[in-house]
Amino acid sequence: MKSMSFDIDTKFAFQLDWNLLRTFLVIAEEGSITRAAHRLLRGQPSVSLALQRLETELGCRLVDRGHGTFRLTAAGRQLHSECTEIFSGVVRLPELTHDAEQEVSGEINIMLASHVVTPLLDDELSAMSANHPKVRFNLRIDTSARVIHSVRERLASFGICLVSRKFSDLDYDHMYREFFGFYCGPSHPLFGCEGLTLADLRNYPAVSFDTDDLNDALRPVALLRSKWGLDYDIVGRSSQLEEVRRMVQCGMGIGSLPIHVAAPDVDRGLLWRLPPYDDPPQVDIFMVLNPRKRLNRAEALFAGNLRNKIQELPLSARTYSADT
């Protein structure tokens, strides 16, 4: 009887083509059959057929698609979560089959907001690469909201980003503090002007981050814009610091940038610092981890070392001066 129960319980797992789960995971991550096919180096029809086969095996619809829409169903979201857990375990198999004393190896997936610039991260990347050359890194840039989402879904080892809302299922380490200033490019009418006030910035077009909103991560910057009427004409937006800086340098409009990041461009004459010169908006950057994420040895070592550095240094040593 016990053997019969075992056969019944495991029949589905033994008969299922597990490659279908891998294909579905990629489809869910990419949010598109076409992009999934490109990533899997397969034809779109075969990827679409694999999804249909999996839906048939499970007896439910996993994706609502058609007329330009793509959305996981409730069953699809649940399966995505389970597939993520399964493949997280599969990724760890090579490491688990090696002796614990062997050299640290594995892949570390880090999600970052685009303006994360800190020696805390750079120094640890340098040390890890030098001490453990078999470790591989995958650094991806996205909006802070997407970083948080990826950490919650255990798609990233950890994230470094702005935080507008804290979730109880995640751990947060206050990594560093930065300040934002307003800037213009060489072709802008205010470039090179001294003694300006915030009132002088009114009526000029602006560019901004996607998160530069009263309800998002760059709320302090958005509040200052709103207070002084600097948000009436936004001519460009981006989630990437490089692109916001590009639009500012091209003279499209006034933009906000982290002061310590923009300082080299100011010295090179590519940007001009505008008011406020005193008490600029303050923004905190966090290292975000999911305690339910099973880390491989490389991930655990890297995250642990970085967290230790954060905890050892006082906040004053992790605050980038507003006077830079």
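R268 is exposed, with a relative accessible area of 61%. Its salt-bridge partner is D265. D265 counts as buried, at 6% relative accessibility. The two side chains meet at 3.4 Å, N to O. This is a predicted model.

**Salt bridges**

Side chains of opposite charge can pair when their charged atoms come close. The structure holds 16 salt bridges. Three of them are listed here, each with its N to O distance.

| Salt bridge | N to O distance |
|---|---|
| D265 and R268 | 3.4 Å |
| R61 and D64 | 3.5 Å |
| R146 and D142 | 3.8 Å |

How exposed are these residues? R61 is partly exposed, with a relative accessible area of 44%. Its partner D64 is also partly exposed, with a value of 26%. R146 counts as partly exposed too, at 41% relative accessibility. D265 is buried because its 6% falls under the 20% cut-off. R268 is exposed because its 61% is over 50%.

Some salt bridges share partners. E29, E30 and R39 are joined into one network in this way.

**A buried lysine**

Where is K293 found? It sits in the loop between β11 (282–289) and α11 (297–312). K293 is buried, yet it has no salt bridge. The nearest side chain of opposite charge belongs to E299, and it is 4.5 Å away. Why is there no salt bridge between K293 and E299? A salt bridge needs the side-chain nitrogen within 4 Å of a carboxyl oxygen, so 4.5 Å does not qualify.

K293 does have a polar neighbour. A polar atom of its side chain lies 3.3 Å from the backbone oxygen of R154. Leaving aside neighbours within four places in sequence, K293 is in contact with S88, R154, A156, S157 and E299. R154 thus appears both in this contact list and at the 3.3 Å distance.

**The whole chain**

The chain has 324 residues, and 44% of them are buried. It contains eleven helices and eleven strands. Consider contacts between residues at least 6 apart in sequence. Of these, 76% join residues at least 24 apart.

**Cavities**

How many cavities of 30 Å³ or more does a search of the whole structure find? It finds three. The second largest has a volume of about 40 Å³. Its lining includes L201, Y204, P205 and A206. R225, L230 and I254 line this cavity as well.

How values were computed:
Residues are numbered from 1 along each chain as its sequence is written. This is a predicted model: local features need pLDDT of at least 70, side-chain atom pairs count only at pLDDT 80 or more; totals for chains, interfaces and linings use all residues. Side-chain values use heavy atoms; hydrogens and water are left out. Helices (H or I, at least four residues) and strands (E, at least two) are DSSP runs, numbered from the N terminus. Buried means under 20% relative accessible area, exposed over 50%, partly exposed in between (1.4 Å probe, protein chains only). Lys and Arg count as positive and Asp and Glu as negative; His and the chain ends are not counted. A polar contact is a pair of N or O atoms within 3.5 Å; within protein, one must be able to donate a hydrogen and the other to accept it, and residues adjacent in sequence count only if both atoms are side-chain atoms. Contact means heavy atoms within 4.5 Å. On a 1 Å grid over the protein atoms alone, a cavity is a set of points where a 1.4 Å probe fits but cannot get out, and a pocket is an open set with protein on both sides within 12 Å along at least five of seven lines; lining residues have an atom within 4 Å of a point. Grid points are joined across faces, edges and corners, and a volume is the space filled by probe spheres set on the points.
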